[in-house]
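I set out to record what surrounds the ligand and how the protein around it is packed. My entries follow in the order in which I looked things up.

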Amino acid sequence: MHRPEAPDATQGAGPDGCGLWAATAPPAPPCAALSGEVTADIAIVGAGYTGLAAALHAAAAGATVAVVEAGAIGQGGSGRNVGLVNAGLWLTPDTLEARLGPDHGPRLLAALADGPAQVWEIVRHHAIDCAARPAGTLHCAPDAGGATALRERHAQWRRRGAAVALLDADATAQRTGARGFRAALFDPRAGTIQPLAYARGLARAACAAGAQVFTDSPATAISPETGGGWRVTTPGGSLRARALILAGNTYGSAAAAGLRAHQSVLPYFNIATAPLPDRLRAQVLPGGEGAWDTAKILTSFRMDAAGRLVLGSVGALGAVDAAAHRAWARRRLAQLYPALADQPFEAEWFGRIGTTPDALPRFCAHGPSAWSISGFNGRGIAPGTVFGAMLARLALGETGPEAIPLPLHDGPPPADPLRHLRAPFWRAGAALWHLAGARGG
Ligand SMILES: Cc1cc2nc3c(=O)[nH]c(=O)nc-3n(C[C@H](O)[C@H](O)[C@H](O)COP(=O)(O)OP(=O)(O)OC[C@H]3O[C@@H](n4cnc5c(N)ncnc54)[C@H](O)[C@@H]3O)c2cc1C
């Protein structure tokens, strides 16, 4: 289903940037390119979690909804990620509240703390076949600094009533089956999904609720109509609607590219083993949690439904850096799970994580009845789902912008002036770090 993408140093190589997830996801619902003139109540640009959750919510509420997607459903971050369905953002709860203040802070935290529950409920309600496993996540500490950070995170979530638990080195070793961690924070609200399957499932559910999803339909121009409402132009036709949701996020292209300027790209790759033999499979994350560590150049690891171990870290698999990251993955696998040292890898892919200078998403009004929320800083599965529903309520007129627990920017978000420096810095830094084979990295 995936089309070749324009060459881009931070896109996945080859015709299919979603790697293992494209090879194992159920098919997307049949969609065609937009042709001719289509009219809807709500136009949505981008078929990732944000756009599709908005489409599902608005269509289920009775609105006519049309989504235009530049390529295939989920071809952005939504089809390439690790699949860790987390509560909250990367920021600790205290930092998030301090940055957003006493009104937005607690409300955003409460909404995103409930994010995984919303994902599990959507998956259940619409019978989405995406290997959803609400078995929790383990945030693991490879060193003393990481263990201190986890204790702090644990205390902050506990003060807010979350049932997170701190595990010591023995319990962490038992739960992960891995070597080298001093502690872990277990979050029972969280879990894992097959990311592209979730995106395709959201699209299927949205279509079943009456939404139209047009693939291979890049928005090349978006303009206000003289009598009110919006026109979204694509090569094959155009879409007119009274309200507009821009959900191109970090992958925004052409008319949706304005959302990229406030984000810096953090490249992130995944490498998956072949399905492990049963005797080894039983030793790796036997409880089915997803895991990652506190290192700056972090390691993430999780199993897929067929028993492949998916190992990820910061970096792009481009012509120059791929060899360093592959060699790192081989070493890191042996470090974490010596019994898996010789297991072959069978898939690799990478994508762009959109980060903002203060690690908070941006909520923007792009004109009358036109909104976006973007910049999820590597936490987009549950937040995209939650924000998509919030944007739908706004577009439906059920709520005003004050219902969104983020400051409202009038117009596109202010650009990050350092974005062109940050991306190459992270990319080169990750390659050097992995080349050096730094411990814990
Ligand atoms: C490698 C990687 C690992 C990650 N790991 C995790 C994780 O474990 N957990 C987690 O919660 N988050 C993770 N994330 C972040 C998460 O994937 C994203 O935040 C989330 O997918 C964003 O969803 P979205 O719908 O806002 O944007 P996207 O999924 O990027 O969707 C945007 C869509 O808009 C389309 N589009 C862009 N421009 C146009 C246009 N002009 N016309 C039409 N369509 C357009 C794009 O083609 C794309 O399909 C990760 C991201 C990456 C890249």
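The entries below cover the basis of the model, the ligand, the core and two loop residues.

**Basis.** I note that this is a predicted model, in which local features need pLDDT of at least 70 and side-chain atom pairs count only at pLDDT 80 or more, while totals for chains, interfaces and linings use all residues. Residues are numbered from 1 along each chain as its sequence is written, and side-chain values use heavy atoms, with hydrogens and water left out.

**Ligand shell.** I looked up the residues near the ligand (one heavy atom within 4 Å of it). There are 37 residues around the ligand, and Thr50, Glu69, Ser78, Asn249 and Ser253 come nearest. I sorted the shell by residue type and found 16 nonpolar, 17 polar and 4 charged. Here Ala, Val, Leu, Ile, Met, Phe, Trp, Tyr, Cys and Pro count as nonpolar, Asp, Glu, Lys and Arg as charged, and the others, Gly among them, as polar.

**Polar contacts.** I then searched for pairs of N or O atoms within 3.5 Å. A ligand nitrogen is 2.9 Å from a polar backbone atom of Ala70, and a ligand nitrogen is 3.2 Å from one of Val82. On the oxygen side, a ligand atom lies 2.9 Å from a polar backbone atom of Gly380. Of the 1,000 Å² that the ligand exposes when taken alone, the protein buries 96%; the areas come from the Shrake-Rupley method with a 1.4 Å probe.

**Position of the ligand.** I asked which domains supply the shell. Domain 1 (19–82 + 196–262 + 357–417) and domain 2 (135–191 + 265–356 + 424–436) both give residues to it, so the ligand lies between them. The domain bounds come from an automatic or database domain assignment.

**Core.** I next examined the largest nonpolar core, which has 79 residues, with Ile44, Val65 and Tyr198 making the most contacts inside it. Such a core joins buried Ala, Val, Leu, Ile, Met, Phe, Trp, Tyr and Cys residues through side-chain atoms within 4.5 Å; buried means under 20% relative accessible area, with a 1.4 Å probe and protein chains only. This core draws at least three residues from each of domain 1 and domain 2.

**Loop residues.** I checked Asn249, one of the residues that come nearest the ligand. Its phi is near 50 degrees, a positive value in a residue other than glycine. Asn249 is buried, at 13% relative accessible area. Leu285 also has a positive phi, near 40 degrees, and is buried at 3% relative accessibility.

Definitions and conventions:
A polar contact is a pair of N or O atoms within 3.5 Å; within protein, one must be able to donate a hydrogen and the other to accept it, and residues adjacent in sequence count only if both atoms are side-chain atoms. Buried means under 20% relative accessible area, exposed over 50%, partly exposed in between (1.4 Å probe, protein chains only).
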